[in-house]
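Morning, everyone. Please bring up the structure and its sequence, and I'll walk you through them.

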Amino acid sequence: MNLTHKVNSSALKYFFIVTMVFVLSENISAQEREFLDNRIMYTKYTIADFFNDSTKWVWELDVVYRRQSELGQTDFWSNPLRMSVRPWIAYQFTKLTRLSFNPIGMFNSTPRYPLEGALNNPLERELRTTLQINNYAFYGRFNFTHRLRFESRWRGIDNSNWTSEGSSLNRAAHNYRFRYRMRTRIPLNTDYFYTNKTWYISQYSEIHVEFGNDYGTNYFSQNRNFIGIGYRFWDWARIELGYLHQYNTRGNNVQIDLSRGPMFYLFMDILSRTEYRR
């Protein structure tokens, strides 16, 4: 049994345990929960490349832009939700394993709008430092990706007395978040995910666990699920479009934002190898 297989097996076991704990905790107290309808539209754009042809060092950049509805309406594009920019530096340890570090990412977030009380809350600015590892595995036509991400978050950096959970602080609130995501991609018209002109099915599930002195008790704060279809239109560039279904637990552990709607991705995995640069 090689190291990659051991990592994948351990990650799968951890994901199963965490998922079961989350599901059981949700079912036990389901009668006390209030689900708040929040229609959303998520987009994400990522660009990456090696610094040169002879190095394993990589630069990366991702930009996230999100919109949302107001008070449960279906027009998910009507209000802003988030805009973020994160530069990364990464090291490709093996063909299937990459470690990435984002020293500082800037996030501008509007509170979610399923309740009238949030409509007058101001924009929140956040700084975030992130360490992540991506590990890929292939089983026949199936491509599995395990992503572990650890974040240090400074929320409300303008020293406002308001945070997105409604608490009052005279300084930025700081907390940590651990995220685990397992993604599968299944080619439909070729035998290999990295073949040009490949259509594929993309699916993932991700759990967020938060903790820290400035954080409450909703430790299992988020569960995000996506299914969609993707197309590789250049050797190292592709798009995905699908449906996102996400739970965000609020600080009172009773109200849960049920965010759902379309999500769009644009990936340029190795920019210098796309036809655009040739």
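**Charged pairs and a ring of strands**

Let's start with one contact. The side chains of Arg260 and Asp37 form a salt bridge, with N and O 3.2 Å apart. Keep in mind that this is a predicted model.

Where do Arg260 and Asp37 sit in the chain? Arg260 is in strand β11, residues 255-268. Asp37 is in strand β1, residues 34-50. The two are 223 residues apart, so this pair links distant parts of the chain.

Are they buried or exposed? Neither label fits. Arg260 has a relative accessibility of 25%, so Arg260 counts as partly exposed. Asp37 has a relative accessible area of 23%, and Asp37 is partly exposed too. The cut-off helps here: buried means under 20%, and exposed means over 50%.

Why do such pairs form at all? Side chains of opposite charge can pair when their charged atoms come close.

Now the second pair. Glu206 and Arg147 meet through their side chains in a salt bridge, 2.9 Å from N to O. Glu206 lies in strand β8, residues 199-211, and Arg147 in strand β6, residues 142-155. They are 59 residues apart in sequence, so the pair ties those parts together. Both Glu206 and Arg147 are buried.

Third pair. Glu240 makes a salt bridge with Arg183, and the closest N and O atoms are 3.6 Å apart. Glu240 belongs to strand β10, residues 237-249, while Arg183 belongs to strand β7, residues 173-187. Here 57 residues separate the partners. Glu240 has a relative accessible area of 1%, which is under the 20% cut-off, so Glu240 is buried. Arg183, at 3%, is buried as well.

How many salt bridges does the structure hold? The count is 22. Some of them join up. Glu126, Arg128, Arg147, Glu151, Arg153, Arg177, Arg179, Glu206 and Glu210 are linked in a network. Notice that Arg147 and Glu206, our second pair, are among them.

Now step back to the fold. The chain has 1 helix and 11 strands. From the N terminus, the helix comes first and the strands follow.

How are the strands arranged? The 11 strands make a closed barrel, running from β1 through to β11 in order, with mixed pairing. From one strand to the next, the twist averages 20°.

Let's look at a few neighbours. Strand β2, residues 57-68, runs antiparallel to strand β3, residues 79-94, and 12 bridges join them. In that pairing, Trp59 stands opposite Ile89 of β3.

Next, β3 pairs with strand β4, residues 97-109, again in the antiparallel sense, over 9 bridges. Arg82 stands opposite Ser109 in β4. A hairpin through 2 residues joins β3 to β4.

Further along, β7 and β8 run antiparallel, with 12 bridges between them. Find Phe178: its bridge partner in β8 is Val209.

Last, some totals for the chain. Of its 278 residues, 46% are buried. Take the contacts with a separation of 6 or more: 59% of them are between residues 24 or more positions apart. The accessible surface comes to about 13900 Å². Carbon and sulfur atoms account for 61% of that surface.

To finish, go back to Arg260 and Asp37. That salt bridge joins a residue in β11 to one in β1. Find both strands in the barrel, and trace the order from β1 to β11.

Technical notes. Residues are numbered from 1 along each chain as its sequence is written. This is a predicted model: local features need pLDDT of at least 70, side-chain atom pairs count only at pLDDT 80 or more; totals for chains, interfaces and linings use all residues. Side-chain values use heavy atoms; hydrogens and water are left out. A salt bridge is a side-chain nitrogen of Lys or Arg within 4 Å of a carboxyl oxygen of Asp or Glu. Helices (H or I, at least four residues) and strands (E, at least two) are DSSP runs, numbered from the N terminus. Buried means under 20% relative accessible area, exposed over 50%, partly exposed in between (1.4 Å probe, protein chains only). Contact means heavy atoms within 4.5 Å. Accessible areas come from the Shrake-Rupley method with a 1.4 Å probe; for residues, only the protein chains shown count as cover. Two strands pair if DSSP finds at least two bridges between them. Axes are lines fitted to C-alpha atoms, for helices over the stretch in contact, and angles run from 0 to 180 degrees between N-to-C directions.
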